[in-house]
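Here's a quick tour of one protein model, starting with how its strands pair up and ending inside its core. Keep the structure open as you read.

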Amino acid sequence: MVESYGPGRKTTVRRLPQRAVYDRVVIDQILDEGLVCHVGIVEDGQPVIIPMAYVRIGERIVLHGGNASRVMRTLAGGVETCITVTLVDGLVLARSAFHHSMNYRAVVLFGTGAPIEDPKEKLDALRRLMERLTPDRWQQVRSPTERELKQTLVVAVSIQEASAKIRSGPPADDEEDYTLPVWAGVLPLRLATSAPVADPDLAPDIPFPPHLGHWEKRQ
Ligand SMILES: Cc1cc2nc3c(=O)[nH]c(=O)nc-3n(C[C@H](O)[C@H](O)[C@H](O)COP(=O)(O)OP(=O)(O)OC[C@H]3O[C@@H](n4cnc5c(N)ncnc54)[C@H](O)[C@@H]3O)c2cc1C
């Protein structure tokens with residue numbers, strides 16, 4: 001098992017390098033907490049960055065999309081990509097405009113895409129994509145048909161290098177600014193749920209399922 005994903009040629013953090021982390025455990029934690037990644041490709045010299053759902057499986061980031069999706073087709077062709085995941089933990093309000101910042105945990109990773117074509121592996125990857133967000137839901141819902149599976153491209157990006165960058169704590173003001181009569185500190189931010197909204201077409205005798213309880217609690 002890889003214990004560290006860097007630093008490598010592509011992942012050496014230049015600004016504020018003391019915030020860089022290459023430890024696999026830390027990087028995995030951020031990847032497993034994020035909901036959305038941003039996937040970069042270059043087409044005819046034009047960079048494009050597309051937000052997508054994902055799941056980390058070992059040392060791979062697995063993505064899915066329709067056969068017609070440009071980013072999926074490009075990645076399935078075996079090209080290199082750069083993927084980022086960002087968790088925003090707070091707004092850092094300093095006494096000067098200059099030192100305002102954010103508390104965050106972010107990962108930048110580099111890897112090469114390859115399609116997952118083996119039917120069993122493909123189905124398992126799709127299950128894991130669903131189950132990381134809603135555990136146990138896969139067995140509650142209708143399984144994909146063969147036609148639906150054929151319409152879906154699943155791609156695994158093997159992580160070759162990765163870096164995390166983490167900022168936490170209060171603002172870092174200039175010494176002479178600490179006497180300014182300005183409120184300074186952190187406004188913590190987190191992802192929260194609101195009360196579930198049932199589909200208007202839901203049969204009234206179907207209750208909210210226990211397997212979604214962990215989302216309900218995140219208020
Ligand atoms: C929520 C959020 C908001 C930010 N806002 C700003 C902003 O407004 N202005 C600003 O200048 N910077 C901002 N940053 C920091 C920014 O992401 C870069 O870290 C910063 O621009 C310095 O990059 P660099 O020139 O040192 O690295 P680069 O030379 O651009 O990158 C070299 C390598 O360092 C690693 N790396 C760089 N940044 C990160 C990162 N954030 N996470 C993980 N790995 C990284 C990557 O592997 C990258 O390939 C923000 C970061 C986050 C997460």
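Strands E2 and E6 run antiparallel and are joined by four bridges. Pairing here means that DSSP finds at least two bridges between two strands; strands (E, at least two residues) and helices (H or I, at least four) are DSSP runs numbered from the N terminus. This is a predicted model, where local features need pLDDT of at least 70 and side-chain atom pairs count only at pLDDT 80 or more, while totals for chains, interfaces and linings use all residues. Numbering starts from 1 along each chain as its sequence is written, and side-chain values use heavy atoms, with hydrogens and water left out.

E2 also runs antiparallel to E3, and the two form a hairpin with two residues between them. In that turn, Asp44 has a positive phi of about 50 degrees.

| Residue | Bridge partner | Partner's strand |
|---|---|---|
| Cys37 | Val85 | E6 |
| Glu43 | Gln46 | E3 |

Now for the inside. The largest nonpolar core (buried Ala, Val, Leu, Ile, Met, Phe, Trp, Tyr and Cys joined through side-chain atoms within 4.5 Å; buried is under 20% relative accessible area, with a 1.4 Å probe and protein chains only) has 26 residues, and Ile61 and Leu63 have the most contacts inside it. E8 gives the most to this core, six residues. Beyond four places in sequence, Leu63 touches residues including Cys37, Val39, Met72 and Ile83, where contact means heavy atoms within 4.5 Å. A second, separate core has eleven residues, among them Val55 and Ala125.

Technical notes. Buried means under 20% relative accessible area, exposed over 50%, partly exposed in between (1.4 Å probe, protein chains only).
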